[in-house]
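Me: Please pick one part of this model and go through it closely, with whatever of its surroundings helps to place it.

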Amino acid sequence: MNWSAFVVGMLPEHFLIVGLLLLIVHAIVARGPQGAAAIAGVCVAAAAVAALGLGLGGHVGQPFPGQVSVTPAASFGKALALVLALPVLLLARDDLGDGGPLYPLLVASLYGLALMLSSDSFLTLFLGLELMSLPVYALVLMGLRRESTPEAALKYLVLGGAATATFLMGVSLLYGQQATLDIGIFAAAVGSRDPLALAGATLVLLAFFLKAAVVPFHAWAPDAYEGASVPVTAYMAAIVKAGVLLAALRLFGQAQPSPAMVGLLALLPLASIVWGNLAAMRQPNLRRMMAYSSIAHAGYLFYAFLGAGPGRLQSVLFYLLAYGLMTLLAFAALPPHADDAQRDRLDQLKGLFHRQPFAAIVIGLAMLSLAGIPPLPGFVAKFLIFREVMAAGYTLYAVLGLIGSYLGIYFYLRVIQYMFMSPAAVPAGGQAPVRGVAVAAALMCLLPALAVAIGPGWFLPRL
Amino acid sequence: MSDALALQLVLWLPLAGMFVLWAVPASSPGTVRGLSFWLMVAQFVLCAWLYARFEPGVPGLQFATRVPWIESWGVYFSIGLDGYNVLLVLLTGFLGPLVVAGSFSAIDKELKLFHAMVFLIQFAMIGTFLAQDLFVFYVFWETMLIPMFLMIGIWGGERRIYATLKFVLYTAFGSILMLAAVIYLVLAAQRAGHAASFAFADLLRLGLPPDVQLWLFAAFGLSFAIKVPMVPLHTWLPDAHVEAPTTGSVILAGVLLKMGTYGFLKLGFPLFPAATLQLAPLILWLSVASIVIGACLALVQDDIKKIIAYSSISHLGYVMLGLISLDLIGIQGAIVQMVSHGLTAAGLFLMIGMVYERCHTRELAAYGGLAKLVPLYSVAFMILTLASIGLPTTSGFTGEFLVLLGAFNAAWALHLQGQDFALAPAVLAVTGVVLGALYMLRFAAKFLFGPTRAPVARLTDLNRREAAILAALIAAVFWLGLFPAEPLRKTETAAREFRQLVLSARADALPGSRP
């Protein structure tokens, strides 16, 4: 073990583990739950700053050679996920209060994510992946408010288990062939024509597809997103998805996919884009709609893997940032409601502009950005992805993907239509104005998003 | 103040206005309206000043600014005035205050949001005209969509949701294909060894292979043709116009419809000259089809807004005809026709809005005998009608006459080369003039003359505000009709350049063709 690399390179992880320990101690020692949110917030913020600093400083190190190594790409990935986690903590504070084991679970999950992003072997990667996922199964159950929640949590758990099994099977095939657990074997297998290696790589990739909810492995997402409470849904949609994609990014490295892999990497994401956007049109509530939207966005994100080279990292990171910020923004601005099942029914949003203009405008901006309409950051993100696909020579896939994204415009605009163009219906009762904490969370998403929209030229070369 | 700074101000003033409005309390509608109006006036004054300073006969950009935006891709925030956009920027600036003043009595709900959207759309339209970088152009082009979506959807008529979604989904489909083409175009340039750049000036020199041009032109052309709109892609327009509030119709007819023709003028034809020449017969026939079918449809409408909506399709067909004639006179005529249509259609929609506010019906059959009841209104209406028909001394005449002259010039030149495909469409286009006179005069006759009907019995004549708006419009119509030399001089260099760019593809294929 390399001590100085361990101390400096894993600084974000250290902050998180300190936060986790403090939270556990706090739960034992403190009289009440007050203060847990503050501890979590400070630690995650410190970890985010540390990760950003390491990334901008271009820090490279090997705290545990062969197991954990730190690169700027990994640090930026961690910074991205941790920055996105901050508004989620605020939202959780707003929605679920100080109580319960919420914050330890969130911080533990973030620790897993961070570990996963700097892992060099499949062993560490698996550890990180599971550490990221397991707390989320419990989080879905947190703040149990409706009958469908346990079913959703169970579905998520079972399919998460299936993903784990698929992942391990793929890894065992790769290990059987190469006799090493170094993650480099995946990148080699992706580009090879050897059937065994390809089978292993395919299984690993399918596990990622399942975790990221790519068609046809997407069925868990709408139920889990709907059943969980809003902050947890936001966490799953923005951060867990980012974690999975960033891990995939690390696994792929600079690999150029072989033709067989290209088929898999193009067709399933394309199906995801088309089906996600089509199915989202029919959803009666915002959380389910966002679940299908996230299925479509997983498709765009995996599309970027068709291209090789540094553009892939840049486009995926930028896309995750734009997508994550805007998804969180929509959830943060969603007015609370006495009955959680009513909270995000689209009918409840009717005439929202007349009651709560700020919430309506902010949700509207989020929808437009997710639809990829300029000048919002979602547009530059989409531009980057499709430029990447086309630069790799897959013009047809790019055009089909863009047409698929066109299908999505309708349901995003429908939300705006409900909020702005429906008469100011008196709410069915129980809808409350957005609270200060949630406004702060919304601003934490909105301001960086605007900065990214105005100056993408500043961000892109630094990624 | 330097001229480049003034041009920046023209662009950013509306956006600033949008945020300034935020600070105004919603409880004082007078302040919101007054502030919006005077900001628009300030913008117009700047536009007029820049127009006066614009040097004719100088090729290339004037008052240009170029700031790096996304440097690693070669995207520059690059704007400037040239012969292509100078008249259209002036038109947009001119209509701005009139649009705001025209909405004073018509809009009373969500006033702040309404004016914010007017500012946003003004910003996006000016930006689209001024952009000299394809990425910037696309961003502005798409930004126009959202304020229009809200404007029709919030302040529109009964079927506003249907109309606004139809409008957005139609235009967005074109845009998404254009996006694919934009990405492909820039990557193709890079593959050919050029530096990464979105600048129009660089893209115009690419010289892509003809088969690639054809695909890219199809994507760009579809997007532009939907916006124009050209038959058969026009079905969104009547719905959008009928359901939109007066302000929305005025912006739509006044400026937004010119985006499509401007797109062809600035990008579609010059970027892909080989494809343009190859598809010229098709474009020619579609233009003539737009002229004739638009006019025929206008002839049978009972809804007064729909008459003007269909007449717009017909008038923009002339613009397309002038552009595709590739004759200097025709191209110049097309540019003038764009401005002329912007003035007359905007004026007619404003006037329809004025009676609609008083009578709450758009049925042509409900009106009649307005000439006796409201003489001032009727005189103004008649002048705009005649300008729309293209009576000499009005702007409509300058535009249509030059377009037809150009079309015949081109058709005859082609005939001398043994190609006869252009003669029949040119002749057919002339019938459009007759049809135009027919539907507009039918409209005016039923509307202004004949027996007075019940809904209009208590009609009041123009008030001072309305009279001032119309006086400004009519003055502009006569200015362009009586003194077209000055504006034509300002656009001539650009028209020559356009023609040369498109015909460069023919010069390779047919040596010894017309200079």
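Reply: Among the contacts in chain A between residues at least 6 apart in sequence, 79% join residues that are at least 24 apart, a contact being a pair of residues whose C-beta atoms, placed from the backbone, lie within 7 Å. This is a predicted model, so local features are given at a pLDDT of at least 70 and side-chain atom pairs at pLDDT 80 or more, while totals for chains, interfaces and linings use all residues. Residues are numbered from 1 along each chain as its sequence is written, and chains are lettered from A and ligands numbered from 1 in the order in which they are written.

The part chosen here is the side of chain B that touches chain A, and the two chains come before it. In chain A there are 21 helices and 2 strands, where helices (H or I, at least four residues) and strands (E, at least two) are DSSP runs numbered from the N terminus. Its radius of gyration is 21 Å, close to the 23 Å that the globule rule gives for 463 residues, so chain A is as compact as a globular protein of that length; the radius is taken over C-alpha atoms, and the rule is 2.2 Å times the number of residues to the power 0.38. Buried residues make up 61% of chain A, buried meaning that 20 or more other C-beta atoms lie within 10 Å of a residue's own, exposed that 12 or fewer do, and partly exposed that the count falls in between, with C-beta atoms placed from the backbone.

Chain B has 20 helices and 2 strands. With a radius of gyration of 22 Å, close to the 24 Å that the globule rule gives for 515 residues, chain B is likewise as compact as a globular protein of its length. The C-alpha trace of chain B spans about 70 × 55 × 40 Å along its principal axes, and 60% of the 515 residues count as buried. Of the contacts in chain B with a separation of 6 or more, 81% are between residues 24 or more positions apart.

Now to the contact itself, which takes 27 residues from chain B and 25 residues from chain A. On the side of chain B that touches chain A, the elements giving two or more residues are β1, α5 (134–143), α6 (145–155) and α7 (160–191) of chain B, and α7(B) makes the largest share, 12 residues. The residues on this side divide into 22 nonpolar, 3 polar and 2 charged, if Ala, Val, Leu, Ile, Met, Phe, Trp, Tyr, Cys and Pro are counted as nonpolar, Asp, Glu, Lys and Arg as charged, and the others, Gly among them, as polar.

Two of these helices also meet each other. The axes of α5(B) and α7(B) come within 11 Å and cross at roughly 170°, the axes being lines fitted to C-alpha atoms, for helices over the stretch in contact, and the angles running from 0 to 180 degrees between N-to-C directions. That makes α5(B) roughly antiparallel to α7(B), since angles over 145 degrees count as roughly antiparallel, those under 35 as roughly parallel, 65 to 115 as roughly perpendicular and the rest as oblique. From α5(B), B:L134, B:Y138, B:W141 and B:E142 meet B:S175, B:L179 and B:V182 in α7(B), and the residues of this contact divide into 5 nonpolar, 1 polar and 1 charged.

The strand β1(B), residues 62–70, is joined to β2(B) by 6 bridges, and the two run antiparallel; strands pair if DSSP finds at least two bridges between them. B:Q62 stands opposite B:L81 in β2(B), while in the 4 residues between the strands of this hairpin B:G74 takes a positive phi near 80°. The partner strand β2(B), residues 75–81, is mostly covered, with 5 of its 7 residues buried. Within β1(B), B:F63 is a residue other than glycine with a positive phi, near 55°. Most residues other than glycine have a negative phi, and most peptide bonds are trans. B:F63 counts as buried because 21 C-beta neighbours lie inside 10 Å.

Chain A has a hairpin of its own, in which β1(A), residues 61–64, and β2(A), residues 68–70, pair in the antiparallel sense over 2 bridges. There A:F64 has A:V68 as its bridge partner in β2(A), and A:G66, in a hairpin with 3 residues between the strands, takes a positive phi near 85°.

Key: Contact = placed C-beta atoms within 7 Å.
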